[in-house]
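Student: Before we talk about pockets and strands, could you show me the model and then explain the terms as we use them?

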Amino acid sequence: MARALRVAVPADGAAVAAIYRPHVVDSVVSFELEPPDANTMGARIAATLPKFPYLVATDADGEVVGYAYANTHRERAAYNWTAEVSVYVAERVRRGGVARALYGALFALLRAQRLRQAYAVITLPNPPSVACHEALGFVALGRCPAVGWKAGRWCDVGYWGLDLAGGNDAPAQEIIPFSVLADGQECAAALTVPPSA
């Protein structure tokens, strides 16, 4: 169970790396072949935060038990209103509402940034991840067969999308970098853990 949500800092790199490691070495969930160390994860956190949120959930003892972040979907300018999102949760707290709490906060912040679409890329088969994303409103968009080679086999990935804003009107303004929102009221409100989480 998540007791608190907060914006990640580079010093969370070790905890984030520990949560991520099994997804790299024991499964095909991640397409990385070597697990990144604490310094690498800390650097990724630092590189993400100017533009997008990178959040962690902590338990009653203050230990990081999950994380979620957004990142650039594609580099070309017309994609500026979209992001790719990911969430990872420690084994001991899975199915305890941590992913839901993290994603809920992440999506609130992406909406505050004026983003339109969030995309999740899921290695298939992965029924728990598919169920988690679909329970939060994502819809299946398509499947790319045999796109990655890992663990001695070709792996498919599926794409899921979440409409963050709706409508077809032109965007009124550019997106707001997360660094502008990070210390503000919208960020604090988004990081409030609901009682059921």
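**Pockets and pairing**

Tutor: This is a predicted model, and in it α1 (13-25), α2 (38-48), β3 (64-72), β4 (82-89), α3 (98-112), β5 and α4 (127-135) each supply at least two residues of the lining of the largest pocket.

Student: What makes Val29, Val87, Tyr88, Ser129 and His133 part of the lining of the largest pocket?

Tutor: A lining residue must have an atom within 4 Å of a point of the pocket. The largest pocket, with a volume of about 1200 Å³, has 41 such residues, and the five you name lie nearest its centre.

Student: How are the residues of that lining divided by class?

Tutor: The lining of the largest pocket has 24 nonpolar, 11 polar and six charged residues, where Tyr counts as nonpolar, so Tyr88, one of the residues nearest the centre, belongs to the nonpolar class.

Student: Why are β5 and β7 called paired strands?

Tutor: Pairing requires at least two bridges, and strand β5 (residues 117-124) and strand β7 (residues 153-163) have eight in the antiparallel sense, so they are called paired. Among the bridge partners are Thr123 and, in β7, Val157.

Student: How do you know that β6 pairs with β7?

Tutor: The cut-off is again at least two bridges, and eight join strand β6 (residues 139-150) to β7, the two running antiparallel, so they pair. Lys150 stands opposite Arg153 in β7, and β6 and β7 form a hairpin with two residues between them, where Ala151 in the turn has a positive phi of about 55 degrees.

Terms used
Residues are numbered from 1 along each chain as its sequence is written. This is a predicted model: local features need pLDDT of at least 70, side-chain atom pairs count only at pLDDT 80 or more; totals for chains, interfaces and linings use all residues. Side-chain values use heavy atoms; hydrogens and water are left out. Helices (H or I, at least four residues) and strands (E, at least two) are DSSP runs, numbered from the N terminus. On a 1 Å grid over the protein atoms alone, a cavity is a set of points where a 1.4 Å probe fits but cannot get out, and a pocket is an open set with protein on both sides within 12 Å along at least five of seven lines; lining residues have an atom within 4 Å of a point. Grid points are joined across faces, edges and corners, and a volume is the space filled by probe spheres set on the points.
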